[in-house]
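Subject: Structure handover

Hello,

Please find the structure below. My notes on the fold, the strand pairing and a few individual residues come after it.

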Amino acid sequence: MTEPNGSTLPQPDPGEPRTDPGTTLHAARPRLQVPPETRGRTTIADGVVEKIAGIAAREVPGIHALGGGFTRTMGAMRDRVPGGHPSAGRGVKVEVGEKQTAIDLQVVVAYGVSITDLAAEVRENVIAAVERMTGLEVVEVNIAVNDVHLPDEDTLENPEGRVH
């Protein structure tokens, strides 16, 4: 003899709703909620952090320029070449890890400005900008003051202002 129709199908739990004989409705099972920030990796290039840090440092009043003497000279020559443009990362070196970064700045300060106060303000601005924009933890910002810009140096550096 044969068994009655449907006896070989899995039997539903007593509390589950039934539709047709032998079929069971299965409620949609909730998927594991994985936070979006864990669904892949984001890598940030050193140059990106350099630019952010350079722009943030230049925003602080009292910073005349970034970079050492040679860096500024080469940058000035590069800026004058047709198609050349100023580098926002000039005078900035960074080490970027997966979650942290360390930043080194070479700065030229304006004469008369308190270097210790200026350095504290630059650190604060750079750390805030880099952490806000990249999500990286800034573990240190090292500042090397390479020069002091004197007000009368503008006429020596800007020959374009002379009458021809």
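Which residue in strand 3 is the bridge partner of valine 94? The bridge partner is isoleucine 103.

Some ground rules before the rest. This is a predicted model, in which local features need pLDDT of at least 70, side-chain atom pairs count only at pLDDT 80 or more, and totals for chains, interfaces and linings use all residues. Residues are numbered from 1 along each chain as its sequence is written, and side-chain values use heavy atoms, with hydrogens and water left out.

Overall layout

The chain has 4 helices and 4 strands; these are DSSP runs numbered from the N terminus, with helices being H or I of at least four residues and strands E of at least two. Along the sequence the pattern reads α-β-α-β-β-α-β-α. The chain has 164 residues, of which 23% count as buried. Buried means under 20% relative accessible area, exposed means over 50%, and partly exposed lies in between (1.4 Å probe, protein chains only).

Strand pairing

Two strands are called paired if DSSP finds at least two bridges between them. Strand 3 covers residues 100-110 and pairs with strand 1 (residues 63-66) in the antiparallel sense over 3 bridges. In that pairing, isoleucine 63 stands opposite valine 109. Strand 2 (residues 92-96) also pairs with strand 3 in the antiparallel sense, over 5 bridges, and the two form a hairpin with 3 residues between them. Strand 4 (residues 137-149) runs parallel to strand 3, and 11 bridges join them.

Aspartate 104 of strand 3 appears in two of these pairings: lysine 93 stands opposite aspartate 104, and aspartate 104 stands opposite asparagine 142 in strand 4.

Surface charge

Asp104 also belongs to a surface patch of negative charge, together with Asp46, Glu95 and Glu140. Patch members have over 30% relative accessible area and no salt bridge, and like charges are joined within 9 Å. A salt bridge here is a side-chain nitrogen of Lys or Arg within 4 Å of a carboxyl oxygen of Asp or Glu. Asp and Glu count as negative and Lys and Arg as positive, without His or the chain ends; the charge is placed at CG of Asp, CD of Glu, NZ of Lys or CZ of Arg. Areas come from the Shrake-Rupley method with a 1.4 Å probe.

Aspartate 46 is in helix 1 and counts as partly exposed because its relative accessibility is 36%.

Helix residues

Glycine 47 lies in helix 1, which spans residues 46-58. At a relative accessible area of 34%, glycine 47 is partly exposed. Its C-alpha is 9.6 Å from that of valine 96, although the two are 49 residues apart in sequence.

Helix 3 (residues 115-134) holds alanine 119, and arginine 123 is in helix 3 as well. Is alanine 119 buried or partly exposed? Alanine 119 is buried, because its relative accessible area is 15%. Arginine 123, at 32%, is partly exposed. The C-alpha atoms of alanine 119 and valine 60 are separated by 9.5 Å, with their positions 59 residues apart along the chain. Arginine 123 and isoleucine 103 are 9.6 Å apart, C-alpha to C-alpha, and 20 residues apart in sequence.

Regards

Terms used: Patch = residues over 30% accessible without salt bridge, like charges linked within 9 Å, V, L, I, M, F, W, Y side chains within 5 Å.
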